[in-house]
Amino acid sequence: MIHLTPERHWMNDPNGLVFHEGLWHVFFQFNPEGNNWGNMSWGHASSPDLRSWTEHPVALRCTPTEQIYSGSIVHDRMGEGDELRAIYTSAYSNGKQAQSEATSADGGMTWTRNPNNPILDRGTSDFRDPKVIRCADAEGRERWVLLAVEAEDRQVLFYGSDDLTTWEHLSSFGPTGPVGVVWECPDLVPLPLDGDPARVRWALTLSTNPVGEEPDRDGSSMSYVIGDFDGRTFTAEDAGLRRLDHGRDFYAGVSFADAPGVAPVMLGWMSNWRYADQFPSSPWRGAMSLPRELSLRELRGRAHLVQRPLGLDEALLHSAPSSLPVTAEGTSWSLGAHAVLELAWDPRETGDVKLVLRGQDDFVDVRHHTDSGELTIGRGGRASEAVHPDFPSLISMPLDASAPARLLVCLDGPLLEVFANDGEQVASHLVLLGGGPVSASLTTERPALVTAVVAALTQVRQH
Ligand code: FRU
């Protein structure tokens, strides 16, 4: 696999994502004792290239009275000894949640907690998931800004600091959007619209998890809002939260601090609180998505978040594209359980397009409906039905039928990510196609050409 999973035991949210001294560090919500949520601590892994991972000892371990919930890491160049600083939520056994800090002088391997923790405390019980970023205020002065949620209130709270320890409340965003959910894991990234540095917008991203007596059966998902941030206040450009990933399994995504390129790189947890503890995988349970480079593209007059996966190019480079005349009977391939498929077609010639992946017990059915301009993805079969009644699903996302369409499908064992039109729309799903061969069949409504590149994902590992 090229995706990050712990060697064993439970993992959820990515935490403390930071690129430091040539390594991509990923800390994560981790249960060092078992395969279900609990004993929340920060696990740790690092990678030189975002596709080969080394797991390190637990970085921050829970105590009988304090669990270590989600948070972030920044590189404090001003502080003593050039340290990494982790700012995370202490979830105390008395029900309180407040923000704490720890420092590392050895590149993230060992951590010392601040004896004065917590450093930011409102005396409330759902104040969590601090994400610290560096940005300029209205006078152009660089400061630290911390975003955290009051989860039940559906609010993001903004704080400012010069020293990462004393925090001043700046503003709040929300509540807005659907009720019956908690907000979690906020992040805020600047993005030049269509790459133009004179047109920078800010994307506020957050995760929502249904709560209450009859929670939404679709479960947890991620959203974003485009707006402006002046160093104190986030002002949304248009109302409403927009879905970030249309699949069932992308949550708690946040971006790396100090990523070497210009674009922010996001990583999410590929699961859903609706059934996360019932998904059959062993000896680990929980995986991260592919890293995604974020950008903003103007589409139909609106700034739209685009997510381009990193790490697949090499696999695709090693396989020659083939143009397939797809006849009425269709075309099929036998794939391994780890494969990348890139397809391009012109919907005006093909009409509806259908790609079905079939494993031993289960299937994934991807369809471009040209009448409605939608791409639907169904997942089902006996293995899916056995996970949870809400695991079999049919999701849909927009895919224009009046222009050429492209689809990148990455299957890495139980992890499926579908990127349409170079990341304009994305869907991430857990799937149960099994460890054996997967058959892929492609049919079009009318006989027409489809360009296809099929590559084994294991090739990525060898380079
Ligand atoms: C999101 C979340 C966070 C919390 C963590 C606990 O998935 O619920 O709000 O910090 O997981 O594991």
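Here is a walk through this predicted model, one selection at a time.

**The whole chain**

Start with the protein chain in cartoon view. You'll be looking at 4 helices and 34 strands. Its C-alpha atoms fill a box of roughly 70 × 50 × 50 Å along the principal axes. The radius of gyration is 22 Å, which agrees with the value near 23 Å for a compact globule of 463 residues. Switch to a surface if you like: the accessible area comes to about 18100 Å², and carbon and sulfur atoms own 48% of that. Buried residues make up 59% of the 463. Of the contacts with a separation of 6 or more, 58% link residues 24 or more positions apart.

**The ligand**

Now select the ligand and bring up the residues around it: Asn12, Asp13, Gln29, Trp37, Tyr69, Ser70, Arg128, Asp129, Glu184, Tyr251 and Trp273. By type, this shell splits into 4 nonpolar, 3 polar and 4 charged residues.

Which side chains should you label while you're here? Try Gln29, which has a polar side-chain atom 2.6 Å from an oxygen atom of the ligand. Then take Arg128, where a polar side-chain atom sits 2.8 Å from a ligand oxygen. Glu184 also belongs on the list, with a polar side-chain atom 2.9 Å from an oxygen of the ligand. On its own the ligand would expose 320 Å², and the protein buries 95% of that. Color β1 (9-20), β5 (66-76) and β9 (127-136) next; these are the elements that give two or more residues to the shell.

**Arg379**

Leave the ligand and pick Arg379, in strand β28 (residues 374-381). Is this arginine buried or exposed? Its relative accessibility is 3%, so Arg379 counts as buried. Show the side chain and you'll find a polar contact of 2.9 Å with the side chain of Asp249. A polar atom of the Arg379 side chain also lies 2.8 Å from the backbone oxygen of Phe391. Beyond the residues up to four places away in sequence, Arg379 touches a set that includes Arg248, Tyr275, Phe363, Pro392 and His429. For a distance check, draw a line from Arg379 to Arg285: they are 94 residues apart in sequence and 20 Å apart in space, C-alpha to C-alpha.

**Ser289**

Next, go to Ser289, in the loop between β20 (284-285) and β21 (292-299). This loop residue is at 3% relative accessibility and therefore counts as buried. What does Ser289 touch, leaving aside residues up to four places away in sequence? Display His3, Phe250, Leu267, Gly268, Met270 and Glu417 to see them.

**Backbone stops**

Turn on the backbone atoms for two cis peptide bonds. One joins Asn117 and Pro118, with omega about 0 degrees; Pro118 is in the loop between β8 (112-113) and β9. Another joins Gly174 and Pro175, with omega about 5 degrees, and you'll find Pro175 in the loop between β12 (168-173) and β13 (181-192).

Finish with two positive phi angles. Glu21 is not a glycine, yet its phi is about 45 degrees. You can find Glu21 in the loop between β1 and β2 (23-30), where it is exposed at 67% relative accessible area. Asn39, also not a glycine, has a phi of about 50 degrees. Look for Asn39 in the loop between β2 and β3 (41-47); with a relative accessible area of 33%, Asn39 is partly exposed.

How values were computed: Residues numbered from 1 in each chain as written. Predicted model: local features only at pLDDT ≥ 70, side-chain atom pairs only at ≥ 80, totals over all residues. Heavy atoms only, no water. Buried < 20%, exposed > 50% of the residue type's maximum accessible area, 1.4 Å probe, protein only. Contact = heavy atoms within 4.5 Å. Near = heavy atom within 4 Å. Polar contact = N/O pair within 3.5 Å; in protein donor to acceptor, adjacent residues only side chain to side chain. Areas by Shrake-Rupley, 256 points an atom, 1.4 Å probe, with all protein chains shown as cover. Nonpolar A, V, L, I, M, F, W, Y, C, P; charged D, E, K, R; others polar. Rg over C-alpha atoms; globule rule 2.2 N^0.38 Å.
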